[in-house]
Amino acid sequence: MADDRERAEILVTGVHKRINDAFQVFDHDLNKTVDVREIGAIVRSLGCFPTEAELLDIIDEVEEPNGFICFERFLPTMSKILMENKFRPIPEDTLLTAFEVLDQQKKGHLEPNELTEYMRQGDEPFTQLEMEEMLSSAVEPDSNLIYYKDFVNMMVLDGER
Amino acid sequence: MKAAILIQGWFRRYMARLEMRRRYTWSIFQSIEYAGEQDQLQLSSFFSFMLDNFTHLNGSGPDLISQLLDPVVDPWLGRETRYELIPVAESYSGPRISFPLSVSHTNSLVNAFKEHQTLHARYALQLLWETKKLLKQMPNIVHMSTSYAKEITICGDLHGHLDDLLLIFYKNGLPSAETPYVFNGDFVDRGKQSTEVVLILFAYLLLYPTHMHLNRGNHEDHIMNLRYGFTKEVMQKYKTHGREILQLFQDVFSLLPIATVIDSKVLIVHGGISDQTDLDFLNSIERQKVKSALRLPRRSLEEPDVSRPYKQTHGPRPGSSHSRRQRPLAQTKRKRHRGLSRQDSGSSSSSSPSSSSSSLCSSRTPPCLPPRPCASPPPPIVPFSVDGLQVPFLDSLASLPPPSPPRVEREWKQMVDVLWSDPKPQDGCTPNTFRGGGCYYGPDVTQRLLRHHGYQLLIRSHECKQEGYEICHGGNVITIFSASNYYEEGSNRGAYVKLGQDLLPRFYQYQVSRTTRKLTLTQRVRAAEGSALRALQEKLFSHRSELLTGFLPFDHNNTGFVSVGEWAQVLETVLRLDLPWRTLRPHLARLAPDGSVEYLSCFDCMGPGLHPPQVTPNLAETLVRYRTDLELIFNIIDKDHSGLISLDEFRHTWRLFSGHLGVALDDGAIDALARSIDFNKDGSIDFTEFLEAFRVVHKLDKDH
């Protein structure tokens with residue numbers, strides 16, 4: 001019993017430390033606050049996939065009036081998210097399937113303007129900047145096509161680090 | 001479509017991770033850089049130690065070290081025309097210049113350097129000589145006006161990045177009456193083309209003395225140059241006349257003006273200010289007397305031993321996370337004190353009476369770990385001599401200098417403050433904890449100084465910024481940094497700022513790209529990250545014994561495993577780098593199935609190459625740690641630049657160096673090592689090869 005509790009404590013401490021590490025990377029002035037615009041990056045780097053709307057909910061919970069987020073308020077909220085495994089990451093094959101769905105003609109690749117059109121859809125379309133970034137990583141320079149299988153492979157490899 | 005939304009969400013997560021990697025890569029580079037600048041004092045004190053105790057390394061007259069470090073006598077006095085005696089071969093295809101310089105000369109220089117040509121020593125010396133003559137006529141603080149030209153362009157650190165300088169000239173125009181420039185110091189060191197950068201700047205200075213202005217930076221300093229690459233670069237490019245050229249550079253650097261003021265409203269200095277900065281006083285001193293910020297002026301013998309208390313409080317480094325966590329209200333910015341922070345401890349050990357076992361110990365160990373083995377207890381504080389002529393073989397006590405007037409120290413401090421200080425967000429001025437220069441100045445300090453002189457803006461450089469520039473202190477301070485990709489390809493942009501008659505700053509950013517194909521963000525981050533991690537692994541490796549000692553309390557049974565938390569804690573305490581260790585852990589150490597860290601795997605990164613049995617872990621660690629310093633020393637000893645030094649020289653140098661460091665190695669081990677390196681048994685060692693073996697490789701990085 002005591003073991004269980006100890007293990008639980010260690011687990012919680014581990015989670016806290018992970019959050020602290022991630023927070024620290026964006027805390028420029030080292031005063032335990034980050035700009036509210038960074039919170040998306042922090043949450044996602046901890047392995048969670050909230051939508052923009054869900055992210056706004058998180059921000060609502062923790063934001064200070066001056067537009068900053070301080071660690072003391074962020075920690076409990078984020079810990080809960082991590083412990084409950086909310087906003088789970090997307091498995092690789094699901095991702096691949098998603099691309100295949102977009103590739104209606106089953107060509108094995110997508111054209112840049114095709115992908116752009118899709119990414120500009122939905123409740124939270126890509127910004128110009130996001131689109132540029134995706135295209136620059138995804139487009140194969142010689143053919144000017146997006147071989148999404150390779151793209152997914154490459155990104156997942158990187159993303160797992 | 002649901003598929004599209006899925007992809008959007010996933011990609012955003014990927015970008016967030018990329019951004020995080022970019023940030024901690026930056027943190028790694030920056031913290032190692034600042035930590036390295038503190039370590040550099042080690043080398044300086046070693047040289048002083050060598051000067052104090054040994055003069056003839058090769059048994060043939062005053063050696064390069066004394067020539068480089070003790071230029072009391074100006075060898076050029078009365079020999080102004082010496083450069084004319086240097087013949088220029090017909091076959092020399094580089095630029096030929098004559099004085100007074102014309103635009104065609106500067107153009108040919110720029111073009112030649114673009115083609116990677118080297119300017120002949122004869123012309124280099126002449127150029128430097130002319131520059132020296134010109135600078136002598138200039139005041140310490142130079143005044144400029146915007147009424148002559150549309151805009152004045154101010155550039156920051158270049159650090160030998162010729163490509164960045166050429167890019168600036170391309171985008172903004174070459175220096176001229178219509179395009180005046182101010183270059184705010186740190187032209188040399190670190191980059192590989194410092195010589196070209198600085199010669200171009202001097203050439204334009206000579207061509208347009210009223211439209212081209214250069215401020216001195218903290219790297220326009222011969223001791224910094226020894227450590228950070230400029231000395232080596234010059235010696236490699238100028239095999240015959242390198243020493244003379246370096247000598248002249250030293251003079252010219254110390255003659256560079258300290259500050260530039262535009263329209264009596266904008267102050268431009270390299271580092272910044274302190275709460276003691278007195279510009280009128282600064283303008284009155286003889287600036288060329290301060291040859292190097294790292295050589296303290298003579299201290300009075302009667303002065304109380306102020307430095308001793310610092311030895312005891314020396315445990316945690318000031319500004320380190322350790323002390324900060326204990327004082328949450330202090331809220332000091334994440335910075336490392338610049339290289340001057342350990343002058344006292346440095347000077348004390350280096351000027352100890354000649355005993356080969358004097359050591360620079362206890363200054364680097366945190367309080368929780370036992371100090372490194374010292375052959376002798378820390379020596380008593382002895383004043384540190386600079387200008388006193390060193391007489392060889394006499395008892396060191398006899399060469400103690402006479403007491404120095406307080407004015408000399410004040411002059412030195414004023415100069416050093418201006419060249420080394422950094423702004424901080426909080427009010428106040430935190431001087432360096434140890435007696436020395438450089439401090440952190442707050443918005444109130446800036447405000448006060450600006451108001452006192454009726455200025456409205458301070459432009460400074462000295463710190464690398466990701467976007468090439470940064471504004472702080474409510475708009476009163478601008479940091480401008482002009483060396484893009486400073487830490488690594490893709491690490492940061494460079495920038496310059498232009499001021500017109502309205503004195504409103506306009507920023508221009510750029511980034512030099514080595515490859516013609518534009519790298520994706522992913523590729524850039526990956527490359528920079530790889531480089532940062534390698535540097536970090538090297539740091540770990542070179543502190544192996546201290547780290548192992550640190551792990552001991554957490555691993556009594558010597559299992560080789562500690563928890564992640566303990567691992568991070570030890571690393572932070574020993575290395576004193578404020579980094580997100582848990583996030584970095586996957587790149588640095590292996591995990592056991594139960595989630596604990598196999599801490600020995602941190603050190604699994606030694607390269608292939610020679611591993612003679614004499615290379616104990618202790619020796620390997622020391623060699624990795626001081627590889628740069630050793631390389632420098634070997635280069636200096638290697639007078640004919642053959643890449644080889646004799647066994648005797650090797651043994652001698654190594655003994656000196658290890659004695660100074662307090663590394664316990666017996667003569668037998670060194671001898672055996674020396675003989676084992678001499679592969680072809682001809683009595684000489686290819687030290688480049690030797691040192692290459694102690695370069696760390698990226699073992700955990702399987703995929704790149």
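Helices (H or I, at least four residues) and strands (E, at least two) are DSSP runs, numbered from the N terminus. The exercises below concern a predicted model.

**Exercise 1.** Determine where B:Lys465 lies, and whether this residue is buried or exposed.

*Solution.*
Step 1. Locate the residue: B:Lys465 belongs to the loop that joins strand E10 (457–460) to strand E11 (469–472) of chain B.
Step 2. Apply the cut-off: a residue is buried under 20% relative accessible area. B:Lys465 has 11%, so it counts as buried.
Step 3. Identify the surroundings. Leaving aside neighbours within four places in sequence, B:Lys465 is in contact with B:Trp26, B:Glu470, B:Thr479, B:Phe481, B:Asn492 and B:Arg493.

**Exercise 2.** Describe A:Asn144 and B:Asn485 by phi, by location and by exposure.

*Solution.*
Step 1. Consider the backbone. Phi of A:Asn144 is near 60°, a positive value in a residue other than glycine. B:Asn485, which is not a glycine, also has a positive phi, of about 55°.
Step 2. Place each residue. A:Asn144 is found in the loop between strand E3 (139–140) and strand E4 (145–146) of chain A. B:Asn485 is found in the loop between strand E12 (477–480) and strand E13 (494–499) of chain B.
Step 3. Assess exposure. A:Asn144 is partly exposed, at a relative accessible area of 45%, whereas B:Asn485 is buried, at 12%.

**Exercise 3.** Explain why helix H19 (residues 581–588) of chain B is described as largely enclosed by the rest of the structure.

*Solution.*
Step 1. List the buried residues of H19(B): B:Trp581, B:Thr583, B:Leu584, B:Arg585, B:His587 and B:Leu588.
Step 2. Draw the conclusion. Six of the eight residues of the helix are buried, and therefore the rest of the structure largely encloses it.

**Exercise 4.** State which peptide bond leading to B:Pro100 is cis, and where this proline is placed.

*Solution.*
Step 1. The bond from B:Phe99 to B:Pro100 is cis, with omega near 0°.
Step 2. B:Pro100 is situated in the loop between helix H2 (64–69) and helix H3 (103–114) of chain B.

**Exercise 5.** Characterise the interface of chain A and chain B.

*Solution.*
Step 1. Begin with its extent. The contact takes 45 residues from chain A and 42 residues from chain B. About 4400 Å² is buried between the two chains, 61% of it on carbon and sulfur atoms.
Step 2. Turn to specific pairs. Eight residue pairs are in polar contact across the interface, and three salt bridges are found there. One of the salt bridges joins the side chains of B:Arg12 and A:Glu130 (2.8 Å, N to O).
Step 3. Classify the residues. The side of chain A that touches chain B has 22 nonpolar, eleven polar and twelve charged residues.

Technical notes: Residues are numbered from 1 along each chain as its sequence is written. Chains are lettered from A and ligands numbered from 1 in the order in which they are written. This is a predicted model: local features need pLDDT of at least 70, side-chain atom pairs count only at pLDDT 80 or more; totals for chains, interfaces and linings use all residues. Side-chain values use heavy atoms; hydrogens and water are left out. Buried means under 20% relative accessible area, exposed over 50%, partly exposed in between (1.4 Å probe, protein chains only). Contact means heavy atoms within 4.5 Å. Buried area is the accessible area (1.4 Å probe) that two parts lose on being put together, summed over both. A salt bridge is a side-chain nitrogen of Lys or Arg within 4 Å of a carboxyl oxygen of Asp or Glu. A polar contact is a pair of N or O atoms within 3.5 Å; within protein, one must be able to donate a hydrogen and the other to accept it, and residues adjacent in sequence count only if both atoms are side-chain atoms. Ala, Val, Leu, Ile, Met, Phe, Trp, Tyr, Cys and Pro count as nonpolar, Asp, Glu, Lys and Arg as charged, and the others, Gly among them, as polar.
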